[in-house]
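Trainee: Please take one part of this model and go through it closely. I would like a connected account rather than a list.

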Amino acid sequence: RNNQNGGLPLPKLCQLFVNSASSRVLDYFITNQSSDHPLSKVAAETGVSYKTVKEAAEELRRTNVIKKTRSIGKSELYRINLDSPAVKHLLELYKTA
């Protein structure tokens, strides 16, 4: 991705916070880390469209911030990846914010 300041690539962490929808999805997974969740529930709880949640979740999964835990029928469930060093740092930042 490019930012609006000269088209320079954004650092990886910044890419996760480019828009408020991604931030809300990430916040949902951080604050609901005790279980896994279908994306339809994430969409309903955050007020973000399912399509946008799915796109944000794919980016979060690709960067190892969330992980797919299981499937129930056609629904895939995800949770925050507590084994990820990046997530550990995010959680520390979240606690101090």
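**The H2–H4 packing and the loop after H2**

Mentor: Helix H2 (residues 20–31) packs with helix H4 (residues 50–62) at an angle of about 70°, and their axes lie 9 Å apart. The model is predicted. Angles from 65 to 115 degrees count as roughly perpendicular, so H2 and H4 are roughly perpendicular to each other. Their crossing is right-handed.

Now the residues. H2 contributes Ala 21, Ser 22, Val 25 and Leu 26. They meet Thr 52, Val 53, Ala 56 and Leu 60 in H4. By class, the residues of this contact of H2 with H4 are six nonpolar and two polar, with no charged ones.

Move on to the loop between H2 and strand S1 (37–38), where Asp 36 is found. Is Asp 36 buried or exposed? Its relative accessibility is 14%. Buried means under 20%, so Asp 36 counts as buried.

What does the side chain of Asp 36 contact? One polar contact goes to the side chain of Thr 69, at 2.6 Å. Another goes to the side chain of Arg 70, at 2.8 Å. Thr 69 and Arg 70 also appear among the residues that Asp 36 touches, along with Leu 77, Tyr 78 and Arg 79. That list leaves out residues up to four places away in sequence.

To recap: H2 crosses H4 in a right-handed sense, through a contact with no charged residues. In the loop between H2 and S1, the buried Asp 36 makes side-chain polar contacts with Thr 69 and Arg 70.

How values were computed. Residues are numbered from 1 along each chain as its sequence is written. This is a predicted model: local features need pLDDT of at least 70, side-chain atom pairs count only at pLDDT 80 or more; totals for chains, interfaces and linings use all residues. Side-chain values use heavy atoms; hydrogens and water are left out. Axes are lines fitted to C-alpha atoms, for helices over the stretch in contact, and angles run from 0 to 180 degrees between N-to-C directions. Helices (H or I, at least four residues) and strands (E, at least two) are DSSP runs, numbered from the N terminus. Angles under 35 degrees count as roughly parallel, over 145 as roughly antiparallel, 65 to 115 as roughly perpendicular and the rest as oblique. A crossing is left-handed if the near helix is turned anticlockwise from the far one by less than a right angle, and right-handed if clockwise. Contact means heavy atoms within 4.5 Å. Ala, Val, Leu, Ile, Met, Phe, Trp, Tyr, Cys and Pro count as nonpolar, Asp, Glu, Lys and Arg as charged, and the others, Gly among them, as polar. Buried means under 20% relative accessible area, exposed over 50%, partly exposed in between (1.4 Å probe, protein chains only). A polar contact is a pair of N or O atoms within 3.5 Å; within protein, one must be able to donate a hydrogen and the other to accept it, and residues adjacent in sequence count only if both atoms are side-chain atoms.
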